[in-house]
Amino acid sequence: MIGRPVSFECDATLYDDLVRLRHDLHREPELGLDLPRTQEKVLAALNPLPLELATGRALSSVTAVLRGRDRSVSGGGPSVLLRADMDALPLTERSGVPYASRLDGAMHACGHDLHTAMLVGAARLLSEARESLRGDVVFMFQPGEEGFHGARHMIEEGVLEAAGERPVAAYALHVASALLPRGWFLGRRGPLLAAGDALHVSVRGVGGHDSQPQRARDPVPAACEMVLSLNTFAMRAFDVYDRVLLSVGSIHAGTAANIIPAEAELRIGVRSLSPEARARALTGIPAVLQGVAAAHGVEVEVEHAMGYPVTRNDAAEVELAERVVEEAIGGQRFIWSPAVLTASEDFSFVLDEVPGAMLFLGACPPDRDLATAGFNHNADAAFDDEVLRDGAVLLASLARRRLDAAAGGG
Ligand SMILES: [Zn+2]
Ligand SMILES: [Zn+2]
């Protein structure tokens with residue numbers, strides 16, 4: 001490996017560019033699958049680099065492929081995929097940062113603006129090291145992580161075949177505003193994050209005058225009983241070591257005190273930690289709802305509105321990531337999570353197809369207390385720019401290290 005660069009460095013020029021990009025993204029957050037302004041900014045940042053660029057059809061994604069030049073060992077060349085999500089959340093920002101969102105009702109409260117800037121940083125670092133790369137790198141810039149299945153759409157549009165053969169590994173970072181100290185990485189072998197599902201439930205009865213309940217079929221008491229029965233189901237139907245979290249996050253019915261409504265609606269969120277518990281929840285919940293509906297003489301319809309599987313790290317890939325944190329970032333800054341975290345991620349769709357790992361990176365600003373700082377998805381959540389350095393360097397280092405390993409250079 002004579003002449004191969006030892007490690008990547010995020011110098012002042014690159015760092016300033018990444019901070020500027022991150023602040024630009026932060027000021028103008030976009031939601032869901034359609035992020036035209038975000039896509040424009042990413043394309044502008046990637047355009048000067050020696051990348052093959054493609055944009056999505058059904059969503060405003062960007063896929064960039066960097067072709068490594070050093071084919072001395074592997075011939076064809078394997079590829080590694082690095083992923084950043086780019087979408088924001090429907091919140092009005094109260095973080096107090098000087099580059100706060102200019103738009104009411106949209107905020108980068110999950111730090112995806114940092115993920116996007118870090119991946120641009122990794123693309124720049126790897127482009128400079130292109131001659132020494134023993135394979136290709138796919139950069140996956142994804143809209144619609146927050147409940148819109150953006151990763152699944154990108155897989156359907158071919159992101160895993162962007163470089164030719166499927167990547168040998170896939171990696172992603174997620175920043176946390178309050179989970180762990182700034183600059184610390186957290187990983188886990190096997191399941192890292194819960195599966196997340198959303199069910200939309202319509203309870204249909206017969207409306208009427210509140211003086212004549214016998215002529216109606218009131219969906220309101222049925223819906224209330226459904227909530228209680230679901231909580232009992234969640235408490236009693238699962239192994240204590242493999243529970244689910246079930247919340248009826250939304251319940252709506254009716255317009256006035258003296259009208260029995262014809263319909264009630266429930267929105268149910270479910271988090272589960274294993275495929276078995278998830279399957280049991282997704283079959284058991286409709287069964288409970290049907291039973292309660294039958295008892296009340298109303299009808300119920302259940303729509304599975306959203307579902308992300310368990311995010312599962314490959315043990316060898318996350319162990320490699322731990323070593324790369326040590327080598328490329330230095331210090332003892334890696335924590336093994338003892339438990340599955342109960343958030344969910346659609347990077348799970350990628351990890352169901354390709355072995356890989358997701359790591360968390362602590363980004364709590366130094367002027368905030370980790371114990372009281374706003375968590376991701378809070379209107380007052382803040383993420384420190386400083387972690388852009390480590391994020392970009394780690395992603396670039398992981399890609400190069402994994403390509404070396406695939407080429408037999410370990
Ligand atoms: Zn989020
Ligand atoms: Zn997120």
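In this predicted model, the zinc ion (ligand 1) is held by three protein donors, Cys110 (SG), Glu146 (OE) and His377 (NE2), which lie 2.0 to 2.3 Å from the metal. Read along the sequence, the spacing of these donor residues follows the pattern C-x35-E-x230-H. Cysteine 110 sits in the loop between β3 (79-85) and α3 (112-128), while glutamate 146 belongs to the loop between β4 (136-142) and α4 (150-156), so the pair ties together parts that are 36 residues apart in sequence. A second metal joins the picture here: the zinc ion (ligand 2) is 3.0 Å from the zinc ion (ligand 1), and cysteine 110 coordinates both.

Are these two donor residues, cysteine 110 and glutamate 146, buried or exposed? Cysteine 110 has a relative accessible area of 7%, and because the limit for a buried residue is under 20%, cysteine 110 counts as buried. Glutamate 146 is buried too, with a value of 18%. For cysteine 224 the relative accessibility is 41%, and this residue counts as partly exposed. As for links between cysteines, the count of disulfides comes to zero.

Attention now turns to aspartate 385, found in the loop between β16 (356-362) and α9 (387-406). With a relative accessible area of 14%, aspartate 385 is buried. Which side chains does the side chain of aspartate 385 meet in polar contacts? One partner is the side chain of arginine 22, at 2.8 Å; another is the side chain of histidine 23, also at 2.8 Å. Once neighbours within four places in sequence are set aside, the residues in contact with aspartate 385 are Tyr15, Val19, Arg22, His23 and Tyr99.

The last part to look at is strand β12, which spans residues 263-272. In a regular strand the side chains alternate between the two faces of the sheet. Strand β12 has a covered face made up of Ala264, Leu266, Ile268, Val270 and Ser272. Its uncovered face carries Glu263, Glu265, Arg267, Gly269 and Arg271.

Which strands pair with β12? Strand β8 (residues 195-204) pairs with β12 in the antiparallel sense, over 10 bridges, and in this pairing arginine 204 stands opposite glutamate 263. Strand β10 (residues 244-253) also runs antiparallel to β12, joined by nine bridges. Here serine 247 stands opposite glycine 269 of β12, a residue of the uncovered face.

Conventions. Residues are numbered from 1 along each chain as its sequence is written. Chains are lettered from A and ligands numbered from 1 in the order in which they are written. This is a predicted model: local features need pLDDT of at least 70, side-chain atom pairs count only at pLDDT 80 or more; totals for chains, interfaces and linings use all residues. Side-chain values use heavy atoms; hydrogens and water are left out. Buried means under 20% relative accessible area, exposed over 50%, partly exposed in between (1.4 Å probe, protein chains only). Helices (H or I, at least four residues) and strands (E, at least two) are DSSP runs, numbered from the N terminus. Two strands pair if DSSP finds at least two bridges between them. Donors are N, O and S atoms within 2.8 Å of the metal (3.2 Å for Na, K and Ca); water is not among the atoms, so sites may look incomplete. A disulfide is a pair of cysteine sulfur atoms within 2.5 Å. A polar contact is a pair of N or O atoms within 3.5 Å; within protein, one must be able to donate a hydrogen and the other to accept it, and residues adjacent in sequence count only if both atoms are side-chain atoms. Contact means heavy atoms within 4.5 Å.
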